[in-house]
Amino acid sequence: MSTKLPLAGGAAVRRWMWRTLLVHRRHFAAMMLLFGLTTLVGLIGPQILGSLVDSVVTGTTTGYVDLLAAVFLVVLVVQALLARSARLRATMLGEHLLAESRESMVGHALRLPLGTVEAAGTGDLLSRATTDVDRLDYTIRNAAPEITTALITIVLTGTAMIITSPLLACGMLIAVPLMVFSTRWYFPRSLPNIEQIAANWSDVQSSTHESVEGARAIAALRLGARRRARNEQVLGRAAASEKRHRYLLTVWLPFLELSYVLPIGAILLIGGWAYQAELVELGTIITVVLYAQAMSNPFDELFMWLEELQTGHTALQRILGVREIPVADDDASRPGEEPGRDLVIRDLRFSYREDREILHGVDLTVPAGQRLVIVGPSGAGKSTLGRLIAGISRPDSGSVAFGSTEITDLPAARLRREVVLLTQEHHVFACSLRENLALADGDPNDDQLTDALKAVGLHDWVSALPDGLDTVLGAGGHPVPAARAQQLALARVLLADPHTVVLDEATSLLDNVTSRELERALSTLLAGRTVIAIAHRLHTARNADQVAVMSDGRIVELGSHEELLAADGSYARLYRVAQRRV
Ligand SMILES: Nc1ncnc2c1ncn2[C@@H]1O[C@H](COP(=O)(O)OP(=O)(O)OP(=O)(O)O)[C@@H](O)[C@H]1O
């Protein structure tokens with residue numbers, strides 16, 4: 001099972017570029033026109049300087065020299081104004097495209113199956129949404145205008161050179177083999193390496209992100225040295241691919257440098273001979289040499305931006321790759337059968353990694369409105385089963401269905417209305433209490449919010465908040481202790497109003513008394529809904545309709561609390577141990 005997020009293929013990248021070009025064709029055309037004009041105006045300078053030298057050699061008046069100098073100045077001002085407005089357009093277009101690609105990627109990423117994101121590691125997704133979008137932004141904003149400017153400059157300068165003196169222009173030909181052969185050597189080697197660099201830096205980001213997220217666990221278990229070793233390993237890989245990139249550049253760049261200088265020498269040699277043979281004027285040689293020199297800059301720009309395009313291309317492949325991951329169909333309005341409400345699990349098998357199956361064929365039926373408690377030793381697969389019931393992970397084989405409707409066939413918006421998983425990990429978003437609760441579907445009014453908060457025992461806590469429902473919580477706001485966050489999450493579930501709730505140790509952070517109180521309140525509030533409760537505390541199992549005992553990825557006992565006690569199996573043993581502890 002590949003856990004990496006995919007890369008888009010070359011065809012998908014080309015399709016994106018064409019579509020973007022078509023949609024923004026007017027902006028592109030205006031931007032290119034302005035860059036073209038800037039370049040054209042820039043070519044007038046060398047012509048003026050060439051005529052100045054010729055007229056000084058053949059003799060002229062000061063008035064004529066002053067006139068040429070004034071025209072030269074005007075040309076410079078016009079060129080600067082055109083360049084400014086071309087850059088402004090390029091920046092505006094770049095920002096537009098950047099916003100579009102970032103929004104569409106984040107929109108898609110938020111709809112990705114959680115299992116896919118977890119398997120790939122959030123670092124990869126983060127690096128695509130930040131580093132790669134920034135890289136693409138840089139390329140879009142600069143590469144198209146710079147490459148266009150460079151190409152127009154090269155074509156026009158070359159034409160001007162040929163018109164000025166076809167004989168001297170022949171000196172440029174010496175650059176062709178150097179450029180062609182070195183570039184054909186460089187690009188096929190550097191593109192795969194640039195893809196590798198992006199993947200390696202994404203691993204660095206993932207590893208750093210994990211270390212920061214798990215800082216407490218690392219400190220508690222004294223895993224610092226191991227984490228450092230892991231970080232050094234991924235950094236080492238990133239450094240090695242960067243080194244290879246530098247090496248490739250050190251081979252390619254000297255050939256390019258040579259290809260800019262050699263033509264000037266060639267033109268001077270041909271020019272020296274042609275001047276003696278009275279085939280060209282001195283001014284003509286100077287104009288052509290100035291043109292040749294003026295060409296080295298755009299050639300340099302062209303190659304550097306072609307090189308940069310590879311980075312942009314890789315970034316685009318990574319960004320578009322996220323969009324290629326199928327997301328659950330979100331169209332809640334799609335006509336279809338209402339799913340049944342009985343939970344039916346048949347021969348369910350699941351593994352996180354190919355070589356290690358976690359669930360080995362689970363069969364279970366929970367009629368609508370019943371309460372099932374799942375108990376069992378740590379690592380038995382209880383949470384994994386809970387994730388599959390909530391549609392977060394997809395079965396390898398077998399089925400999880402409401403009635404006859406497979407959970408994985410339900411559109412995402414619909415699935416959220418059918419079943420909600422509540423775990424012990426809760427996130428309090430940095431926004432008001434009202435907004436934190438409104439994250440559940442719908443737009444609950446204040447009375448509904450207050451009822452939900454009362455139901456989970458948060459009424460007193462909320463009354464003491466400085467701004468009531470408008471108090472800003474989370475990072476930078478009012479602190480929310482872990483147990484309160486757990487109660488808030490329960491309130492969200494009540495507001496989301498699903499018919500099936502999976503509680504994975506959802507009250508584990510509360511003390512015994514509060515937990516019992518909350519569980520009593522919840523059993524009234526959740527009455528009529530199907531509740532699958534994964535529990536460590538066995539007292540919760542006493543009031544359940546069914547208790548499932550899991551061991552090593554299988555359900556080994558199933559029945560009511562009394563039936564299982566009477567059977568005197570592993571549940572009875574666990575229960576007796578728990579009773580002795582109380
Ligand atoms: N994201 C994951 N990637 C790989 N293996 C995992 C992942 N999550 C759980 N596992 C493995 O799957 C097995 C079952 O884990 P699971 O969390 O489902 O058990 P559990 O019965 O809920 O345990 P606990 O009571 O400790 O939470 C364990 O061996 C665990 O190491």
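**Exercise 1. Determine how strand 4 and strand 5 pair, and over how many bridges.**

Solution. The structure is a predicted model, in which local features need pLDDT of at least 70, side-chain atom pairs count only at pLDDT 80 or more, and totals for chains, interfaces and linings use all residues. Residues are numbered from 1 along each chain as its sequence is written.

Step 1. Helices (H or I, at least four residues) and strands (E, at least two) are DSSP runs, numbered from the N terminus. Two strands pair if DSSP finds at least two bridges between them.

Step 2. Strand 4 and strand 5 are joined by two bridges, and their pairing is antiparallel. Ala-401 has Glu-406 of strand 5 as its bridge partner.

Step 3. The hairpin of these strands has two residues between the strands, and Gly-403 in this hairpin adopts a positive phi near 65 degrees.

**Exercise 2. Place strand 4 and strand 5 in their sheet, and state which strands lie at the edges.**

Solution. Step 1. The sheet is open and has four strands in the order 2-1-4-5, paired in the antiparallel sense.

Step 2. Strand 2 (356–366) and strand 5 (405–406) are the edge strands, since each pairs on one side only.

Step 3. Strand 1 (residues 343–353) and strand 4 (residues 397–402) run antiparallel and are joined by five bridges. Across from Arg-346 stands Ser-399 of strand 4.

**Exercise 3. Describe the sheet of six strands and the helices that lie across it.**

Solution. Step 1. The order of this open sheet is 6-7-8-3-9-10, and its pairing is mixed. Its edge strands are strand 6 (419–422) and strand 10 (554–559). From one strand to the next, the twist averages 15 degrees.

Step 2. Strand 3 (residues 371–375) and strand 8 (residues 530–534) run parallel, with four bridges between them. Ile-374 has Ile-534 in strand 8 as its bridge partner.

Step 3. Axes are lines fitted to C-alpha atoms, for helices over the stretch in contact, and angles run from 0 to 180 degrees between N-to-C directions. Two residues are in contact if their C-beta atoms, placed from the backbone, lie within 7 Å. Helix 11 lies across strand 3, strand 6, strand 7 (500–504), strand 8 and strand 9 (546–551), at about 155 degrees to strand 8. Helix 16 (residues 482–496) lies across strand 6 and strand 7, at about 180 degrees to strand 6.

**Exercise 4. Identify the residues around the ligand and sort them by class.**

Solution. Step 1. A residue is near a molecule or strand if its C-beta atom, placed from the backbone, lies within 6 Å of it. The residues around the ligand are Tyr-352, Ile-358, Gly-376, Ser-378, Gly-379, Ala-380, Gly-381, Lys-382, Ser-383 and Thr-384.

Step 2. Helix 11 (residues 382–389) gives the most to this shell, with three residues.

Step 3. Ala, Val, Leu, Ile, Met, Phe, Trp, Tyr, Cys and Pro count as nonpolar, Asp, Glu, Lys and Arg as charged, and the others, Gly among them, as polar. The shell accordingly has three nonpolar, six polar and one charged residues.

**Exercise 5. Characterise the packing of helix 2 with helix 10 and with helix 3.**

Solution. Step 1. The axes of helix 2 (residues 25–58) and helix 10 (residues 282–323) come within 8 Å and cross at roughly 160 degrees. Angles under 35 degrees count as roughly parallel, over 145 as roughly antiparallel, 65 to 115 as roughly perpendicular and the rest as oblique. Helix 2 and helix 10 are therefore roughly antiparallel.

Step 2. A crossing is left-handed if the near helix is turned anticlockwise from the far one by less than a right angle, and right-handed if clockwise. Helix 2 crosses helix 10 in the right-handed sense. Among the contact residues are Pro-46 and Leu-49 of helix 2 and Ile-286 and Tyr-291 of helix 10. By class, this contact has nine nonpolar, three polar and one charged residues.

Step 3. Helix 2 also packs with helix 3 (residues 62–110) at an angle of about 160 degrees, the axes being 8 Å apart. Helix 2 is therefore roughly antiparallel to helix 3. This crossing is left-handed, and the contact has 21 nonpolar, eight polar and one charged residues.
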